[in-house]
Amino acid sequence: MKKASEIRALSDEDMARELEETARELFNLRMQNATGQLANVDQISKARRKVARIKTIMNEKRAGQ
């Protein structure tokens with residue numbers, strides 16, 4: 001998991017790409033959980049936090065401009 005400082009260092013395009021990848025990962029984890037294939041359900045909460053962290057930093061940058 002990337003730290004907030006590592007995410008802040010990314011460009012806007014890289015941040016959007018990271019958000020898209022993480023959202024896709026979260027969707028896949030939810031599907032695995034629904035079908036009973038997910039062994040470690042903690043991965044879902046980690047992915048949710050990462051999405052929230054990226055969105056927060058994107059909003060901070062947008063507000064700062």
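Partly exposed residues are those whose relative accessible area falls between the buried limit of under 20% and the exposed limit of over 50%. Arg17, at 44% relative accessibility, therefore counts as partly exposed. The legends below concern a predicted model.

**Figure 1. Overall view of the predicted model, a protein chain with 3 helices and 0 strands.** Read along the sequence, the chain follows the pattern α-α-α, and its C-alpha atoms fill a box of roughly 45 × 15 × 15 Å when taken along the principal axes. Of the 65 residues in the protein chain, 25% are buried. Among contacts with a separation of 6 or more, 67% are accounted for by residues that lie 24 or more positions apart.

**Figure 2. Packing of helix α2 against helix α3.** The two helices pack at an angle of about 155 degrees, and their axes are 9 Å apart. Because this angle is over 145 degrees, α2 is roughly antiparallel to α3. The crossing in which α2 passes α3 is left-handed. On the α2 side, the residues that make the contact include Asp12, Met15, Ala16, Glu18, Leu19 and Thr22, while those contributed by α3 include Gln43, Ile44, Ala47, Lys50, Val51 and Ile54. Further along the two helices, Leu29, Arg30 and Asn33 of α2 are also among the contacting residues, as are Ile57, Met58 and Lys61 of α3.

**Figure 3. The largest nonpolar core, made up of 7 residues.** Its members are Ile7, Met15, Leu19, Val51, Ile54, Ile57 and Met58. Helix α2, which spans residues 12–34, and helix α3 each supply at least two residues of this core, and α3 gives the most to it, with 4 residues. In soluble globular proteins, nonpolar side chains tend to be buried together. Around the core residue Ile57, and leaving aside residues up to four places away in sequence, the contacts are with Ala4, Ile7, Arg8 and Met15. A second, separate core has 5 residues, among them Leu29, Leu38, Ile44 and Ala47.

**Figure 4. The salt bridge between Lys50 and Glu18.** The side chains of Lys50 and Glu18 meet with an N to O distance of 2.8 Å, and the pair links distant parts of the chain, with Lys50 in helix α3 and Glu18 in helix α2, 32 residues apart. Lys50 has a relative accessibility of 15%, which is under 20%, so this residue counts as buried. Glu18 is likewise buried, with a relative accessible area of 14%. When residues up to four places away in sequence are not counted, Lys50 touches Glu18 and Thr22, whereas Glu18 touches Lys2, Lys50 and Ile54. Side chains of opposite charge can pair when their charged atoms come close.

**Figure 5. The salt bridge between Asp14 and Arg17 within helix α2.** A search of the whole structure finds 6 salt bridges, and in the one formed by Asp14 with Arg17 the closest N and O atoms are 2.7 Å apart. Because these two residues are 3 residues apart in helix α2, they are separated by about one helical turn. Asp14 has a relative accessible area of 30% and is partly exposed, and Arg17, at 44% relative accessibility, also counts as partly exposed.

**Figure 6. The salt bridge between Lys46 and Asp42 within helix α3.** The side chains of Lys46 and Asp42 meet at 3.5 Å, N to O, and both residues lie in helix α3, 4 residues apart, or about one turn of the helix. Lys46 is partly exposed, with a relative accessible area of 41%, and Asp42 is partly exposed as well, with a relative accessible area of 34%.

**Figure 7. Surroundings of Ala63 in helix α3.** Ala63 is placed in helix α3, which covers residues 42–64. Its relative accessibility is 67%, and because this value is over 50%, Ala63 counts as exposed. The C-alpha atoms of Ala63 and Phe27 are separated by 28 Å, and the two residues are 36 residues apart along the chain.

Notes: Residues numbered from 1 in each chain as written. Predicted model: local features only at pLDDT ≥ 70, side-chain atom pairs only at ≥ 80, totals over all residues. Heavy atoms only, no water. Buried < 20%, exposed > 50% of the residue type's maximum accessible area, 1.4 Å probe, protein only. Contact = heavy atoms within 4.5 Å. Core = buried A, V, L, I, M, F, W, Y, C linked by side-chain atoms within 4.5 Å. Salt bridge = Lys/Arg side-chain N within 4 Å of Asp/Glu carboxyl O. Axes fitted to C-alpha atoms, helices over the stretch in contact; angles between N-to-C directions. Parallel < 35°, antiparallel > 145°, perpendicular 65-115°, else oblique. Left-handed = near helix turned anticlockwise from the far one by under 90°.
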